[in-house]
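I opened this notebook to keep a record of what I looked up, one entry at a time, for a reader who has not met this structure before.

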Amino acid sequence: MGTKTVDETGAATGAEATTDEEKVSVTKSADDASESGTEAGAEPEAAAAGTEAADGTDADLDAEDAEDAEDVEHLEDDADLAGDLAEAEGPSGVGQGAGAVVSVALGLVSLTGGWIGTVAAARETLIGQLQTSSTASVATQVKEVYGDAWQTTALWAGLFALAALLTAVVVLARPAFGAPGKPQAPWIKSVAWAGVAIAVIGLLLAVLKYSEALLGLPSTS
């Protein structure tokens, strides 16, 4: 009886020990499996996060490249538009405006006189005095000393008036030989027409004075 009890007790103890070892082994296996699952789950999540980050970076780079390309296209379009506008506008009209102002200035010189006309008249007076003898008639002396000098002044005034008239006509006719459909600035037309008017008046007065029809020599009889 005693032996059986011992055997039974030993068997029971051995069975319990075996059961405890199996529990520990099962628990350890479960822990290892959970750790492995956790690591395996973490690795795909990390890989997915890395992929998402890479995709986001690529998307940002693509967006920046697209914006740069659009900016370049806009700049090219602006340059093309500026070139088209410059071609459509044609000449700026600076030369025409300057020509119109010059025509007015020349016309004013023809009316008021210039230093070159004054010097030419004084020279003609001196020549008349040198070439006219003291025994010449009064009419001859007046003509040689004064009449020729006044005619010289009228001649130079007429030349300035003619130059003013030609300059103004060229300015007014310039658009016909320029860009088609390009209108001339109104102020250029106004100044050019003023130059024409002043030149015509100066030319008319010069002709009248040179022909002695205006302010002729006084009678010496």
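The entries below go from the whole chain to pairs of helices and then to single residues.

**Entry 1, the whole chain.** I began by noting that this is a predicted model, and I read every value with that in mind. I counted the secondary structure of the protein and found 5 helices and 0 strands, which read along the sequence as the pattern α-α-α-α-α. I then looked up burial and found that buried residues make up 17% of the 221 residues in the protein. For contacts with a separation of 6 or more, I noted that residues 24 or more positions apart account for 80% of them.

**Entry 2, helix 3 beside helix 4.** Two packed helices are described by the angle between their axes and the distance between the axes. I looked up both for helix 3, residues 115-131, and helix 4, and found that their axes come within 8 Å and cross at roughly 155°. Because angles over 145 degrees count as roughly antiparallel, helix 3 is roughly antiparallel to helix 4. The crossing of helix 3 past helix 4 is right-handed.

I next asked which residues of helix 3 meet helix 4. On the side of helix 3 I listed Ile-116, Gly-117, Ala-120, Ala-121, Glu-124, Thr-125, Gly-128 and Gln-129, and facing them in helix 4 are Glu-144, Val-145, Asp-148, Ala-149, Thr-152, Thr-153, Trp-156 and Phe-160. Sorted by character, the residues of this contact divide into 7 nonpolar, 6 polar and 3 charged.

**Entry 3, Asp-148.** I picked out Asp-148, which lies in helix 4, residues 138-173, and asked whether this residue is buried or exposed. Its relative accessibility is 13%, and since buried means under 20%, Asp-148 counts as buried. Leaving aside residues up to four places away in sequence, I found that Asp-148 touches Glu-124 and Lys-143; Glu-124 had already appeared in my list for helix 3.

**Entry 4, helix 5.** I checked the length of helix 5 and found 25 residues reaching 36 Å from the first C-alpha to the last, close to the 36 Å expected at 1.5 Å a residue. Its buried residues are Ile-188, Ala-192, Gly-195, Val-196, Ile-198, Ala-199, Gly-202, Ala-206 and Lys-209. When I looked for what covers these buried residues, the cover included helix 2 (94-112) and helix 4.

From that list I followed Ala-199, which is buried with a relative accessible area of 0%. Apart from residues up to four places away in sequence, Ala-199 touches Ala-161, Ala-164 and Leu-165. I also looked up Leu-166, which is 33 residues from Ala-199 along the chain, and found their C-alpha atoms separated by 8.9 Å.

**Entry 5, after helix 5.** Most residues other than glycine have a negative phi, and most peptide bonds are trans. With that in mind I looked at the segment after helix 5 (186-210), where Glu-212 is found, and noted that Glu-212 has a positive phi of about 65° although it is not a glycine. Leu-215 lies in the segment after helix 5 too, and its phi is near 55°, again a positive value in a residue other than glycine. I closed by asking how accessible each one is: Glu-212, at 26% relative accessibility, counts as partly exposed, whereas Leu-215, at 63%, counts as exposed.

Conventions: Residues are numbered from 1 along each chain as its sequence is written. This is a predicted model: local features need pLDDT of at least 70, side-chain atom pairs count only at pLDDT 80 or more; totals for chains, interfaces and linings use all residues. Side-chain values use heavy atoms; hydrogens and water are left out. Buried means under 20% relative accessible area, exposed over 50%, partly exposed in between (1.4 Å probe, protein chains only). Contact means heavy atoms within 4.5 Å. Axes are lines fitted to C-alpha atoms, for helices over the stretch in contact, and angles run from 0 to 180 degrees between N-to-C directions. Angles under 35 degrees count as roughly parallel, over 145 as roughly antiparallel, 65 to 115 as roughly perpendicular and the rest as oblique. A crossing is left-handed if the near helix is turned anticlockwise from the far one by less than a right angle, and right-handed if clockwise. Ala, Val, Leu, Ile, Met, Phe, Trp, Tyr, Cys and Pro count as nonpolar, Asp, Glu, Lys and Arg as charged, and the others, Gly among them, as polar. The expected span of a helix is 1.5 Å times one less than its number of residues.
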